[in-house]
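Please work through the following exercises with the sequence and the model side by side. Each task is followed by a solution that goes step by step.

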Amino acid sequence: MGGCPGGGPSGGGRPPRRGAGGGRRRRPPPPPAVLSSQVRLTTPLVRSRTTGALEPATWDEALRITAEGLRRTRETHGADAVGVFGGGGLTNEKAYALGKFARVVLGTSQIDYNGRFCMSSAAAAHQRAFGLDRGLPFPLEDIPRTGCVILVGSNLAETMPPALRYFTELKENGGSLIVVDPRRTRTAEQADLHLAPRPGTDLALALGLLHLVVARGRTDEDFIRERTSGWGEARAAAMAHWPELVERITGVGVPQLRAAADLFCDASAAMVLTARGPEQQSKGTDTVGAWINLALATGNAGRPLTGYGCLTGQGNGQGGREHGQKADQLPGYRKLDDPAARAHVAAVWGVDPDSLPGPGRSAYELLDALGGEVRSLLLMGSNPVVSAPRAAHVEERIRSLDFLAVADVVLSETAELADVVFPVTQWAEETGTMTNLEGRVLLRRRAITAPEGVRSDLEVLHGLAGLLGHGKGFPSDPEEVFGELRRASAGGAADYSGIDYRRLEAEDGVFWPCPETPDGAGGGHHPGTPRLFLDRFATADGRARFVPVVHREAGEETDDEYPVLLTTGRVLAQYQSGAQTRRVAELNAAAPGPFVELHPRLAARVGVAEGEPVAVVSRRGRAVAPARLTESIRSDTVFMPFHWAGEGRANTLTNPVLDPVSRMPEFKVCAVRLEPADGQDG
């Protein structure tokens, strides 16, 4: 079930070195198919007032029209009528500059990004329990050396294939892998034990396992006493979820629950890792919190080869949530409503702290406000027409805007609705930093030159800022932007002040926090922090916090009209909203379109056969795709990948009900009914 909607691929590498000596130079390889000039945008587009179509324009014209559109909205309706929507695939430099642009140039609080749809529930649970959010508090290299891993809601064999080797090595070293997923995925096939709960019941499953740990006397009382707080309340909440009750809720049998508890507790060191499965729920923060409680109760946190971690879903899923493109955040993972944080960042930016707006709407709430309180939108690195929940409604809201400008590498479904489209660089064509799920800051050097007519997002922001009266403060050079990011992050939770480009290149990445030391100007001598929490947690008292949680139903449960559960996710050959990967012939050959995965028993009840079109209907809309029959999925559940637009768009169906803490929509569970595609329209 791993994966999060939105964003584009990230990757790249260093440019090839020339061969030594006097031999012939090799012809450089062709650019990746997605960067071909036949596929990607190479000139700005502006919507014609006469034909209504997007037509080629000059960069000066596109920038001028965008600046005028944003200024007009601001002057007519106020600063908060202008919105900004970013992406988890943007480099750290671009995410930082976008947040600064929104708050300093536009003066708007209305900025968020598609990463809200990815790791926000895990981030909120991290903050509640540990006082700090970093995807993994340890390097990936620790995974093969632990004794047991519970992997919840991740099909990383398809969504993060390079990471699978760490789990293969874990098993080769004698460790155990437990996978929790309602589907028997390629990842689940690698597991020693596969638990297939009903979608939306991961919270009950974690509580049931903790109940067994307590009942069997397997808690680590010394660790609980010395390094945690709040155990009494969390223990009482867990004890209300006895195994037989959990079996009725989840569909996971009591023997499997006991086997999982034994595997986890028998290991001398263990880890719990979650992904979008338990996180993209209206109770995602509490669900992740329950898994964290399991780790804490068994002493599997804050010591070597243990811990809770979150697997990120986008190319810069970690860095993208650290430096200011979130609705409530300033650079360095600072809180926007913290007076000290505002003062520090305002000093770096050269503005009055009181001029900075307060927190704004979360991602879905921002999209839902388009055309109403938010009248114009600048969007970078996202395709919400495909990736947002209740996507038909979001598309309608986007169409109702007074003005929309989109910066993207291709003409996505969202860009097709824009008044102005900027053709921008992507991964191999630009230099910048990314922060991976370990908290390791990496330098990605430009490998190839972008086609003529293409500029970077930083150049777009530089041009717009100048036209809007801010000729200084928005450089287009990424290293210069990173230098300012370092200063803005100094002293924050995600402190990059001891990192610079030279050090990143020399050391192949540095783990944050990495503060600059007094004798280390220009790069610092702090070694970085590969492993967090070994001495203390990042809370005020240094103790990890148990949070008492109890099971509750999903935002939408099945009934007579909608008797089946839908869950969504990704497939190997496509990525996120598919805006780029659907333009690559080889990938389309491997994954040509959407499908509905369902159990043969369910297919027989519906009256559809393999390959026949089946309609999936929710309270929000109807999607149609070919049936794919498999016994690897629960008979009360169907699965759809979310990479496609059109009538097979899975997010037409999904429920936008939000987690009260993280504001995460409930992508992973909603009630649907199935019918042959020529049946009654839902």
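The exercises below treat sheets, packed helices and single residues in turn.

The model is predicted, so that local features need pLDDT of at least 70 and side-chain atom pairs count only at pLDDT 80 or more, while totals for chains, interfaces and linings use all residues. Residues are numbered from 1 along each chain as its sequence is written, and side-chain values use heavy atoms, with hydrogens and water left out.

**Exercise 1.** Determine the strand order of the open sheet of five strands, and state which helices pack on this sheet.

Solution. Begin with the elements: helices (H or I, at least four residues) and strands (E, at least two) are DSSP runs, numbered from the N terminus, and two strands pair if DSSP finds at least two bridges between them. The order is 7-6-5-9-10, with parallel pairing. Strand 7 (193–195) and strand 10 (307–310) are the edge strands, each pairing on one side only. Direction ignored, neighbouring strands of this sheet are turned by 15 degrees against each other on average.

Next, take one pair from the sheet: strand 5 (residues 148–152) and strand 6 (residues 176–180) run parallel and are joined by five bridges, and Val149 has Leu177 in strand 6 as its bridge partner.

Finally, turn to the helices, with contact meaning heavy atoms within 4.5 Å, and with axes as lines fitted to C-alpha atoms, for helices over the stretch in contact, and angles running from 0 to 180 degrees between N-to-C directions. Helix 5 (residues 164–172) packs on the sheet by touching strand 5, strand 6 and strand 9 (270–274), and its direction makes about 135 degrees with that of strand 6. Helix 12 (residues 284–297) also packs on the sheet, touching strand 5, strand 6, strand 9 and strand 10, and its direction makes about 175 degrees with that of strand 9.

**Exercise 2.** Describe how helix 6 packs against helix 9 and against helix 8.

Solution. Two packed helices are described by the angle between their axes and the distance between the axes.

For the first pair, the axes of helix 6 (residues 202–215) and helix 9 (residues 243–250) come within 9 Å and cross at roughly 160 degrees. The two helices are therefore roughly antiparallel to each other, given that angles under 35 degrees count as roughly parallel, over 145 as roughly antiparallel, 65 to 115 as roughly perpendicular and the rest as oblique. Ala204, Leu205, Gly208, His211 and Leu212 of helix 6 make the contact with Pro243, Val246, Ile249 and Thr250 of helix 9. By class, this contact has six nonpolar, three polar and no charged residues, where Ala, Val, Leu, Ile, Met, Phe, Trp, Tyr, Cys and Pro count as nonpolar, Asp, Glu, Lys and Arg as charged, and the others, Gly among them, as polar.

For the second pair, the axes of helix 6 and helix 8 (residues 231–239) come within 8 Å and cross at roughly 105 degrees, and these helices are therefore roughly perpendicular to each other. Here the contact is made by Leu207, Leu210, His211 and Val214 of helix 6 and by Trp231, Arg235, Ala238 and Met239 of helix 8. These residues divide into six nonpolar, one polar and one charged.

**Exercise 3.** Which strands pair with strand 15, and in which sense?

Solution. Strand 1 (residues 45–47) pairs with strand 15 in the antiparallel sense over two bridges, and Val46 stands opposite Val420. Strand 14 (residues 403–408) pairs with strand 15 in the parallel sense over four bridges, and Ala405 stands opposite Val420.

In a regular strand the side chains alternate between the two faces of the sheet. Both faces of strand 15 (residues 420–423) are covered, as Val420 and Phe422 on one side and Val421 and Pro423 on the other are all buried; buried means under 20% relative accessible area, exposed over 50%, and partly exposed in between (1.4 Å probe, protein chains only).

**Exercise 4.** Are Ser376 and Gly555 buried or partly exposed?

Solution. Ser376 lies in strand 13 (residues 376–380) and is buried, because its relative accessible area is 0%. Leaving aside neighbours within four places in sequence, Ser376 is in contact with nine residues' worth of surroundings that include Gly69, Ala81 and Phe403.Gly555 lies in the loop between strand 19 (544–545) and strand 20 (564–569) and is partly exposed, because its relative accessible area is 47%. With neighbours within four places in sequence left aside, Gly555 is in contact with Ser282, Asn655, Val657 and Glu666. Gly555 and Glu666 are 111 residues apart in sequence and 7.6 Å apart in space, C-alpha to C-alpha.
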